[in-house]
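This briefing goes through one protein chain by topic, from its cysteines and cores to its helices and strands. Please keep the sequence and the 3D view at hand while reading.

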Amino acid sequence: MNKRPNILLLMTDQQRYDSLGYSRRNGLSDTPNLDRLAADGVIFDHAYSSDTACIPARSSLMTGLLPHRVPTGGWRPRAQTSSGKALREGYWTVAHALRDAGYRTGLFGKMHFAPIRSQHGFDVMQTCEHLPAGYDASEQDDYRRWIVTTGREDLRFVRPGIPRVFPYDAEYHPTQWITRHATSFCAEADTGDTPWFAVVSYTDPHTPYSPPEPYASMFRPDQQQLPDAGMESNCGLPWPFSEITEPKPPGTFFSPVRVDEHSEEHLRRVLAAIRAGIKHVDDAIGQLLAQIDLETTLVVFLSDHGDFGGHRGFLGKIPWLPFDDLARVPLFFAGTGVAGGRRVSAPVQNFDYVATVLDRAGIPLPCADMESATLAPVLAGGKAEEDRAVFCGTMEGTPMLRRGAFKHIWHSIADVHILYNLEQDPGETTNLAEDPSYRQLLRDNVAELRQVLARPVPPLWRHQ
């Protein structure tokens, strides 16, 4: 048995914190495999992403740093200008650190690297993105290269926001493709004495909302539960936050998808397709876990960020404000060294897994001021820090700080504030920022945010 654990990081794309069975209020579960694993592990009920957009959130998951501290690439591909925010090749990553310490490393699925095959510390990479090919002529992901060899067209990017049934058998779906490659890697790596680190990063439940059968027929649109609160949730937002409620001209760059611009049937079809995608991923993870020895493997499950799912009147992740719909994510650990059967209510960051796996592998942190904090003592049975501040959106001009029950979103240009007491107002509808009794709290939070935003990029460049 390896003294250092194997590490399996399971990721989904744009999954709400309340979409797993263990967190759903109505008792329904689309995720029995993940629920069973979580029940034997440690669930972090208030985990926060570093950002509400894919690329910066995933850079934090690679580095353990808040996204404004991550060096990004200057190369901006024609089809995806936001990829200029991607982690620059040659910088420190958790994969580099584990590989340097003797781990075999693999990545399967989506990570939004730019270029797609940037070298960030993985011995093996099988890429499957959710964006259309078009970075340049050579930037086709591995899934696209594979499916065209089967004589099938890659249809992932045809009307990606319109729910539809995946046109081929499930074995050709990205979820199954990712699982096959990950399973093969883990099985091969387990035959030796070398520990391994595998990132299995599914593209669902993000668009294109195209589950295969039989999943596409499992969830009828007319049986979907609609969100309790829509656009009226935004009525108390101060300017300029209130501008998110204003309709945008057709074709506006990164325009929010408003529920009221579509029919109720469309919303129901989207919600059904999201559930189908989650169920498909859960079954695939069940297949993968059947090959994993939890006595020697530390398993982490998380998502990069959430999804409005009709809440606050929006679909998807735009506007990128750090409401809990987007900023709060599922997170749990299970497997070797985890004193399971527990739930932790203290706020943490999803990228805390970086410091945690380094701790478990006996690898020192690369710098003293990394925002990722080890949760290894908590996994071993200890208590989490209740008064810790966690952050989101430090690149977006509207950073969030949460400590305890209070969550503060600060518009750093207009110097305007939103303050919620999440214990009393989990739906984030009552802004307390104008209450004089909270003025000192706002001042203290802004001072802390300014300090965090002023932290420089750590000089963690490495030789290739």
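C128 has a relative accessibility of 0%, so it counts as buried. The model is a predicted one, and the points below describe what was computed from it.

**Cysteines**

- C128 takes part in no disulfide; its nearest cysteine sulfur belongs to C54 and lies 13 Å away.
- C54 is buried as well, its relative accessible area being 3%.
- For C54 the nearest cysteine sulfur is that of C392, at 12 Å, and C54 is in no disulfide.
- A disulfide requires two cysteine sulfur atoms within 2.5 Å, and the count by this rule is zero.

**Nonpolar cores**

- In soluble globular proteins, nonpolar side chains tend to be buried together.
- The largest nonpolar core holds 57 residues, and F44, V94, F122, F197, F333 and Y353 have the most contacts inside it.
- Helix α8 supplies the largest share of this core, with five residues.
- A second core, separate from that one, has 35 residues, among them L10, F108, C128 and F301.
- Which residues does V94 contact, leaving aside neighbours within four places in sequence? They are L61, M62, F197, Y353, V354, V357 and L358.

**Helices**

- Helix α8 spans residues 352–361 and is mostly covered, with eight of its ten residues buried.
- The buried residues of α8 are D352, Y353, V354, A355, T356, V357, L358 and A361.
- G362 follows α8 and has a positive phi, near 75°.
- Helix α1, residues 32–39, has N33, L34, D35, L37 and A38 buried.
- Those buried residues of α1 pack against two strands and a helix listed here with a further strand: β2 (42–44), β8 (297–303), β11 (331–335) and α6 (264–289).

**Strands β4 and β5**

- Strand β4 (residues 104–109) pairs with β5 in the parallel sense, over four bridges.
- Within this pair, F108 stands opposite Q126 of β5. F108 is also one of the residues of the second core.
- In a regular strand the side chains alternate between the two faces of the sheet.
- Strand β5 (residues 124–127) shows this alternation: M125 and T127 point to one face and are buried, whereas V124 and Q126 point to the other face and are not buried.

**The β10-β3-β13 sheet**

- Three strands in the order β10-β3-β13 form an open sheet with mixed pairing.
- Which strands are at the edges? They are β10 (328–329) and β13 (348–349), each of which pairs on one side only.
- Strand β3 (residues 47–48) runs parallel to β13, and two bridges join them.
- Y48 stands opposite Q349, which is in β13.

**N421 and its surroundings**

- N421 is part of strand β17, which covers residues 416–421.
- Is N421 buried or exposed? N421 is buried, because its relative accessibility is 8% and the cut-off for buried is under 20%.
- A polar atom of the N421 side chain lies 3.1 Å from the backbone nitrogen of E423.
- Not counting residues up to four places away in sequence, N421 touches A405, F406 and L432.

Note on methods:
Residues numbered from 1 in each chain as written. Predicted model: local features only at pLDDT ≥ 70, side-chain atom pairs only at ≥ 80, totals over all residues. Heavy atoms only, no water. Buried < 20%, exposed > 50% of the residue type's maximum accessible area, 1.4 Å probe, protein only. Pairing = 2+ DSSP bridges. Polar contact = N/O pair within 3.5 Å; in protein donor to acceptor, adjacent residues only side chain to side chain. Contact = heavy atoms within 4.5 Å. Core = buried A, V, L, I, M, F, W, Y, C linked by side-chain atoms within 4.5 Å.
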